[in-house]
Amino acid sequence: MLFDLELIEETYKRLSTRVPEARDLLGRPLTLTEKILYAHLWNKQESLKPERGVTYVDFAPDRVAMQDATAQMALLQFMQAGRARTTVPSTVHCDHLIQARAGAQTDLNQALDKNQEVYDFLASVSEKYGIGFWKPGAGIIHQVVLEHYAFPGGMMIGTDSHTPNAGGLGMIAIGVGGADACDVMAGLPWELKFPRIIGVRLTGKLNGWASAKDVILKVAGILTVKGGTDHILEYFGEGAQSLSATGKSTICNMGAEIGATTSLFGFDAAMVEYLHGTQREKVAGEAERIQEHLTGDPEVYASPEAYFDQVIEINLSELEPHVNGPFTPDLAWPLSQFAEAVEKNGWPARLEVGLIGSCTNSSYEDITRAASVARQASQKNLKVKSAFTITPGSEMVRYTVERDGYLDDFGTIGGVVLANACGPCIGQWARAGSEDQKPNSIITSFNRNFAKRNDGNPNTHAFVASPEVVTALSIAGDLRFNPLKDSLTNERGEEVRLDEPSGIPLPVRGFDVEDYGYQVPSPQGESVVVKIDPASQRLQLLDPFPAWEGIDLHGLLLLIKVKGKCTTDHISMAGPWLKYRGHLDNISNNLLIGAINFANGQANHVKNQLNGKYGEVPAVQRAYKSAGLGSIVVGDENYGEGSSREHAAMEPRHLGVRVILVKSFARIHETNLKKQGMLALTFANAADYEKVQEDDRIDVLGLTSFRPGQPLHLMLNHSDGSHDEIQVNHTYNETQIDWFRAGAALNMIRQSI
Ligand code: SF4
């Protein structure tokens with residue numbers, strides 16, 4: 001038993017008391033989303049009537065899950081908090097670093113060789129701090145979480161965008177950055193803008209080739225990649241109840257593609273069945289006892305327009321299979337129109353590779369439906385005309401589908417089984433010939449299909465569809481094939497048709513596995529030594545950032561005045577730098593290298609005020625640091641938008657930047673800067689941006705009386721001897737000012753322990 005029954009019972013007690021209270025407070029019936037959010041408020045706030053999409057609220061999630069790439073910095077930070085154990089149940093999953101090349105075992109062995117030091121670090125740090133560790137090959141984070149930890153009515157954060165997968169079991173599960181995971185493990189609240197809520201009413205019942213994947217492909221077409229931003233999607237209706245729990249998870253998983261905060265379904269019989277199938281009868285029993293709190297109130301679903309911010313209706317009985325793409329997941333094509341779209345747009349019609357699996361579509365049901373297509377193809381003397389790969393989502397699913405003969409079905413028609421990991425879905429794919437950048441088409445049952453995501457080739461047209469449609473198209477080797485109406489010529493020259501797929505939600509003989517690949521954390525973690533080689537280029541222990549010196553800051557050198565857009569990618573580039581995620585000093589060599597210098601319109605070319613020469617941003621900043629001089633970065637509007645990666649705040653702090661002064665911040669980045677003990681300031685008058693000059697030395701005044709709501713002042717000391725004093729604003733509350741004084745939020749936690 002890996003789940004924590006006591007924690008679930010505790011959450012259910014809170015749901016039972018807080019849901020009626022919230023109903024009284026708001027004076028109306030509640031959506032399921034509101035019930036779960038109210039049950040997880042950090043402090044029971046008697047009078048909280050949040051404005052959806054506006055009010056920021058503190059929550060207390062039940063769980064944290066981290067994948068191996070993002071866990072590195074999250075755990076390095078957590079080590080600084082001074083806690084002996086994580087304060088909420090947490091797990092690490094080794095899935096992102098395994099490259100697909102030759103097949104499951106070979107690829108896994110190579111990954112173990114290449115990433116051993118990272119795995120050793122993650123295993124030892126997990127063991128020490130009471131964190132469950134899922135070894136390489138154990139499975140993909142979201143599938144493993146669904147099989148063991150997700151529960152109806154719970155709240156989880158995860159350091160991966162597709163954390164919402166757990167919504168298929170009625171959980172509010174949200175993707176976050178590593179700093180948020182670290183905070184929650186260290187015992188701090190987690191802040192979220194109270195979301196708007198979109199209700200999706202599903203009527204009818206799926207039939208034929210249509211599957212749960214097609215529901216979300218259709219929703220993506222309706223809402224587009226931005227339509228879910230700051231919203232939670234709540235699915236309901238008899239159509240929702242007709243879907244298996246893993247089908248619901250597929251839908252919630254891909255809610256990330258429309259920017260949704262998360263998606264979820266109400267508790268129902270399919271969830272009970274899945275909980276029983278995954279040996280969690282006790283969780284199912286507990287959920288059944290409070291089931292009226294694990295779904296929206298009947299009045300809400302009877303008149304959804306009165307309670308949701310937007311309502312979408314989809315009739316599953318009429319839903320066609322879809323293919324979405326290329327290059328974006330919201331370009332939705334009903335299968336009947338897809339062949340024409342391929343012709344009209346001149347996309348390469350020959351299908352080179354079909355890939356099924358990933359966290360999105362690797363359940364027992366997905367595999368059995370796709371295998372049913374493969375089995376009949378083999379019976380009808382057909383083989384795949386494209387390359388064809390299968391990525392199981394977990395060792396439990398892989399072992400069981402192998403036992404039940406489904407992997408043989410794929411092998412018979414030419415399929416290759418890859419490791420239980422992300423592989424091609426995250427670009428970990430040694431695809432032969434991709435460096436030639438030839439235009440070509442692939443189709444996957446994954447979720448994202450942006451240019452270069454799978455194989456690094458910008459000319460690969462990646463389409464997304466259900467595993468059964470991917471299998472059918474791989475057999476045909478042609479994107480224009482429509483299995484609903486077209487026939488194929490088999491090896492004997494006969495014309496044959498593929499029958500509708502059929503699947504089984506859960507294995508009749510139950511799931512089985514020889515080795516989950518799970519490491520139980522040590523009950524006595526104090527004696528465990530965290531393994532980091534001091535000479536490592538990929539991992540580095542963090543030193544606490546120094547506390548504020550207690551005086552105003554004088555003579556800060558302008559490092560760069562950024563012109564225009566500056567996302568977290570401009571501040572801390574991805575791509576080849578990602579291998580240094582666990583090594584703050586090495587990854588800091590990408591600091592602001594994508595940002596445009598206002599002074600000369602160039603990227604990564606700034607003046608070193610100490611010698612007057614121009615150099616790369618990280619090199620110039622390192623020179624300032626060596627000279628013991630602080631610096632300041634000036635930015636434009638919405639500075640730090642994009643991903644929530646904490647490196648964008650840690651790197652400037654590590655290299656000695658003291659202040660980020662901008663016209664406006666993206667909120668998550670602003671909070672990340674505060675957590676790292678930086679000063680995140682905004683121009684009181686945006687036009688003062690123009691007053692900042694390339695050779696300025698800048699004083700920050702008023703820090704000794706730094707308090708919430710009170711502006712600070714900056715003195716711009718220009719090289720010609722003139723000065724400009726400007727007012728700057730901030731949004732620090734008392735706690736955040738304490739973080740600044742202590743040098744970082746983690747320093748505060750450590751001091752308090
Ligand atoms: S399988 Fe793909 S979408 Fe899922 S966690 Fe891995 S990389 Fe992310």
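1. Tyr 516 is a convenient place to begin in this predicted model, since it is a partly exposed residue, with a relative accessible area of 30%. Its partner Trp 134, by contrast, counts as buried at 1% relative accessibility. The two rings have their centres 6.2 Å apart and their planes at 75°, so the pair is edge-to-face, given that planes over 60 degrees apart are classed in this way. Trp 134 belongs to strand β4 (residues 132-134), whereas Tyr 516 sits in the loop between β20 (495-496) and β21 (518-519), so the pair ties together parts that are 382 residues apart in sequence. Ring pairs extend this into a cluster, which links Trp 134 and Tyr 516 with Tyr 149 and Tyr 518.

2. The structure holds 22 aromatic pairs, and another of them joins Phe 78 to Tyr 129, whose ring centres are 5.2 Å apart and whose planes stand at 85°, so this pair is also edge-to-face. Phe 78 comes from helix α3 (residues 68-80) and Tyr 129 from helix α5 (residues 116-129), so parts that are 51 residues apart in sequence are tied together by the pair. Both residues fall under the 20% limit for burial: Phe 78 has a relative accessible area of 0%, and Tyr 129 counts as buried at 7% relative accessibility.

3. Some backbone positions deserve a careful look, because most residues other than glycine have a negative phi, and most peptide bonds are trans. The bond between Gly 325 and Pro 326 is cis, with omega about 0°, and Pro 326 lies in the loop between β12 (322-324) and β13 (332-334). Leu 592, which is not a glycine, has a positive phi of about 60°; this residue lies in the loop between α20 (584-587) and β23 (606-607), and counts as buried at 1% relative accessibility. Asn 638, again not a glycine, has a positive phi of about 55° and is found in the loop between β25 (631-635) and α22 (647-655). Unlike the buried Leu 592, Asn 638 is partly exposed, with a relative accessible area of 32%.

4. Helix α23 (residues 667-675) is mostly covered, as seven of its nine residues are buried. The buried residues are His 669, Glu 670, Thr 671, Asn 672, Leu 673, Lys 674 and Lys 675, and a reader checking this helix may wish to note that the list includes Glu 670, Lys 674 and Lys 675. The helix is followed by Gly 677, whose phi is positive, near 80°.

5. As for the chain as a whole, it has 25 helices and 30 strands, and its C-alpha atoms fill a box of roughly 90 × 60 × 55 Å along the principal axes. A compact globule of 753 residues would have a radius of gyration near 27 Å, and the protein chain, at 27 Å, agrees with this. Buried residues make up 62% of the 753 residues. Of the contacts between residues at least 6 apart in sequence, 75% join residues at least 24 apart.

6. On the surface and the charges, the protein chain exposes about 26,900 Å², of which carbon and sulfur atoms supply 48%. There are 69 positive and 91 negative charges, and the mean positions of the two sets are 2 Å apart.

Notes: Residues numbered from 1 in each chain as written. Predicted model: local features only at pLDDT ≥ 70, side-chain atom pairs only at ≥ 80, totals over all residues. Heavy atoms only, no water. Helix = DSSP H or I, 4+ residues; strand = E, 2+ residues; numbered from the N terminus. Rg over C-alpha atoms; globule rule 2.2 N^0.38 Å. Buried < 20%, exposed > 50% of the residue type's maximum accessible area, 1.4 Å probe, protein only. Contact = heavy atoms within 4.5 Å. Areas by Shrake-Rupley, 256 points an atom, 1.4 Å probe, with all protein chains shown as cover. Lys, Arg positive; Asp, Glu negative; His and termini not counted. Charge placed at Lys NZ, Arg CZ, Asp CG, Glu CD. Phe/Tyr/Trp six-rings, centres within 6.5 Å; stacked < 30°, edge-to-face > 60°.
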